[in-house]
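Here is a plain walk through a structure that may be new to you. Take a look at it, then read on.

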Amino acid sequence: MPRPEVMARIPVDDEYFLFRSCVASNKYPGMESSTKEVFERIGVGLRESDDQTCCAGFITFTSVAEVTATMPAVARNLSIPDQAGLNTVTMCNGCYTFLTEFGHFLQHNPPIMGKVNEMLSMVGREYTGESQVLHMIDVLPKLQDRIAEQIVRPLKGIRFATHYGCHYLYGFKKDAIDDPFTPTVVEDLIEVAGGTPVDYPEARTCCGSGLTQVVIHKEDLSLPHMKAKFDSLKEADVDAIVVVCPYCLTILDRGQAKMVDRGIAQHEVPVLYITQLLGLAMGMDPVKLGLGANVTSAKKFLDKLERLDRSRATAQAARGGVPRSPQSPASSPSGETTGDGGEAANA
Amino acid sequence: MSKVETKRLRRELYPELRELTFGFVSDLEKCMQCGKCVGACPAAAVTAYNSRRMIHDIKSGNLQDVIESEELWSCFFCSTCYASCPKDINFPFTVAMLRYASLYAGYGAEYVKKIIPYAQDYYARGLTVLQPEKNPLVIARRKANSGTSGEMGDIREKMGMPRERTVSDEALAEVQFISDVSGMTKLMKRMLDRRDAAPKTRERLENVDTVKTREGKFAGFPEEQENA
């Protein structure tokens with residue numbers, strides 16, 4: 001259950017500053033395109049800036065650069081929404097962590113803030129800390145009603161597992177929108193989209209990489225860990241995993257291919273970002289949602305969605321009504337037709 | 001900003017900021033050795049990593065052992081330990097700080113060297129993760145799934161997005177200036193110099209006197225001579 005006191009703190013604005021993520025832009029662009037489209041449909045503006053760089057947290061927490069380098073880099077990025085007078089929405093748990101954590105630290109340590117602003121003044125910038133840093137799943141629950149109005153293709157009978165990612169819930173056990181161990185915000189959004197949230201034993205388990213394990217230990221540590229997660233997912237019989245972090249998306253998506261490649265396990269569960277799921281339910285074209293950038297194929301999942309559309313159209317036609325069709329239907333060819341998409345969930 | 005000016009700022013601003021920021025974490029004295037962190041830890045499930053033991057070691061004055069250990073490099077940074085800690089000790093931050101201590105004492109370069117290309121990308125392009133994909137498995141799968149060549153530029157184009165995300169020249173210049181002034185560029189260079197030596201953990205690279213403290217807090221790091 002979202003915490004009421006945190007919910008109350010989250011501002012609902014007409015426009016936010018969209019803090020782009022390196023991974024989303026360069027590996028999974030569907031996260032960015034779906035986020036922009038979803039916000040456009042619900043009538044909330046997003047502003048971007050080419051002056052925004054990487055949040056710079058990654059390099060610090062992998063010990064390549066010191067904290068001293070990250071503080072001014074974070075403050076520099078936040079000076080952009082500060083100046084624009086907008087609150088910031090991040091798509092990534094990592095960006096959220098570093099912007100929030102370092103921003104908080106700066107604001108509570110005036111001598112450091114002074115030093116950092118001294119550095120920034122050399123490049124004509126100033127960090128004030130006025131722009132509130134929000135996570136995508138801070139904002140979406142507040143806009144839930146507007147989202148519900150835009151759902152034209154309810155994902156009825158489709159089973160979704162959730163993966164929240166550590167750096168949002170665990171890192172912010174007191175300030176996050178939900179309890180770290182029993183969160184439901186994403187499940188609520190899945191229900192808004194008409195889908196069925198499914199619980200599984202390893203739901204709270206880290207994707208297996210944290211910041212560096214895949215790179216520094218060559219997956220020796222991550223893959224066994226990830227296998228446990230996917231084995232537990234298989235038993236839960238899900239159609240897709242919904243994540244709120246691009247790094248988790250990368251690791252879970254690519255990890256499955258790596259496990260298949262090494263003969264460790266055979267899993268094929270598509271991984272979607274929360275706005276990709278909402279985009280689908282709003283009738284967006286899967287090509288525009290960027291599911292093709294995923295390494296683990298989403299074909300089975302999309303086929304199931306298409307069968308669902310057809311059965312819905314048939315049912316509507318039988319009742320004599322005009323089917324509420326999505327703007328652009330799924331483009332992939334489908335398999336056999338089943339009577340009812342809802343029934344097909346357990347097939 | 002001239003080179004001389006950048007150098008002067010680095011000399012003046014960086015040491016002061018550095019001293020201040022390394023007081024970033026601690027709180028280890030609050031630990032009551034309950035072990036909840038270890039039970040929740042994904043790294044502990046697959047390796048010998050043990051946060052409770054590490055905290056105990058540090059509190060009893062064996063910081064050196066922790067700094068030299070391979071264990072230090074197993075943390076996933078998932079913060080599950082922090083989430084389950086009844087005393088709210090943010091141990092992942094401590095691990096990050098300990099890793100710096102380890103690096104300054106000459107250990108751990110073999111882990112960090114693999115991250116250096118990401119930092120170089122950040123310095124050169126302003127982004128840590130860039131488009132080019134090395135893994136042929138990923139390209140082949142993306143090619144099949146997206147109906148394109150599998151290259152990111154083509155995938156983005158098919159989705160109706162610009163072929164690449166751009167960072168403005170001004171932003172890049174600012175990031176590079178900040179990196180130079182805040183000590184990042186220098187640290188990166190040190191890492192690069194060490195990368196080729198490819199030392200193992202527990203193998204001393206330089207003859208540095210490492211800090212030992214019984215307070216559970218860092219007294220500081222062996223300072224680089226350049227800043228003195």
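Two strands count as paired if DSSP finds at least two bridges between them. Helices (H or I, at least four residues) and strands (E, at least two) are themselves DSSP runs, numbered from the N terminus. Before going further, note that this is a predicted model, in which local features need pLDDT of at least 70 and side-chain atom pairs count only at pLDDT 80 or more, while totals for chains, interfaces and linings use all residues. Residues are numbered from 1 along each chain as its sequence is written, and chains are lettered from A and ligands numbered from 1 in the order in which they are written.

**The two chains**

Let's start with an overview. A residue is called buried if 20 or more other C-beta atoms lie within 10 Å of its own, exposed if 12 or fewer, and partly exposed in between, with C-beta atoms placed from the backbone. Two residues are in contact, or touch, if their C-beta atoms, placed from the backbone, lie within 7 Å.

| Chain | Helices and strands | Buried share |
|---|---|---|
| Chain A | 18 helices and eight strands | 57% of 347 residues |
| Chain B | 13 helices and zero strands | 41% of 228 residues |

Looking at contacts with a separation of 6 or more, residues 24 or more positions apart make up 82% of them in chain A and 65% in chain B.

**The first sheet of chain A**

Strands 2-1-3-4 of chain A, in that order, form an open sheet with parallel pairing. Strand 2 (45-47) and strand 4 (133-135) of chain A are at the edges with a single partner strand each, so one side of each has no neighbour in the sheet. On average, neighbouring strands here are turned by 40° against each other, direction ignored. Strand 1 (residues 15-19) of chain A runs parallel to strand 2 of chain A, and three bridges join them. Within that pairing, Phe17(A) has Arg47(A), in strand 2 of chain A, as its bridge partner.

Helices pack on this sheet too. Helix 5 (residues 67-84) of chain A touches strand 1, strand 2 and strand 3 (88-90) of chain A, and its direction makes about 165° with that of strand 1 of chain A. Helix 6 of chain A lies across strand 1, strand 3 and strand 4 of chain A, at about 150° to strand 4 of chain A. (Axes are lines fitted to C-alpha atoms, for helices over the stretch in contact, and angles run from 0 to 180 degrees between N-to-C directions.)

**The second sheet of chain A**

Another open sheet of four strands has the order 6-5-7-8 in chain A, again with parallel pairing. Its edge strands, strand 6 (196-198) and strand 8 (271-273) of chain A, each pair on one side only. The twist from one strand to the next averages 40°. Three bridges link strand 7 (residues 240-243) of chain A with strand 8 of chain A, and Val242(A) has Leu272(A) as its bridge partner in strand 8 of chain A.

**Two domains and a core**

Chain A is divided into domain 1 (4-137) and domain 2 (145-333), with bounds that come from an automatic or database domain assignment. Their contact takes 30 residues from domain 1 of chain A and 32 residues from domain 2 of chain A. On the domain 1 side, helix 3 of chain A gives the largest share, eight residues.

A nonpolar core is a set of buried Ala, Val, Leu, Ile, Met, Phe, Trp, Tyr and Cys residues joined through C-beta atoms within 7 Å. Which residues touch the most other members of the largest nonpolar core? Among its 161 residues, they are Val74(A), Val242(A), Val243(A) and Ile274(A). Helix 7 (residues 91-104) of chain B supplies the largest share, ten residues. Domain 1 and domain 2 of chain A both give residues to this core, so it lies between them.

**Where the chains meet**

In the contact between the chains, 74 residues of chain B meet 66 residues of chain A. Helix 12 (residues 169-181) of chain B gives the most to the chain B side, with eight residues.

One residue to look up is Arg254(A), found in helix 14 (residues 246-261) of chain A. Is Arg254(A) buried or exposed? Arg254(A) is buried, with 23 other C-beta atoms within 10 Å. Not counting residues up to four places away in sequence, Arg254(A) touches Val295(A) and Val138(B).
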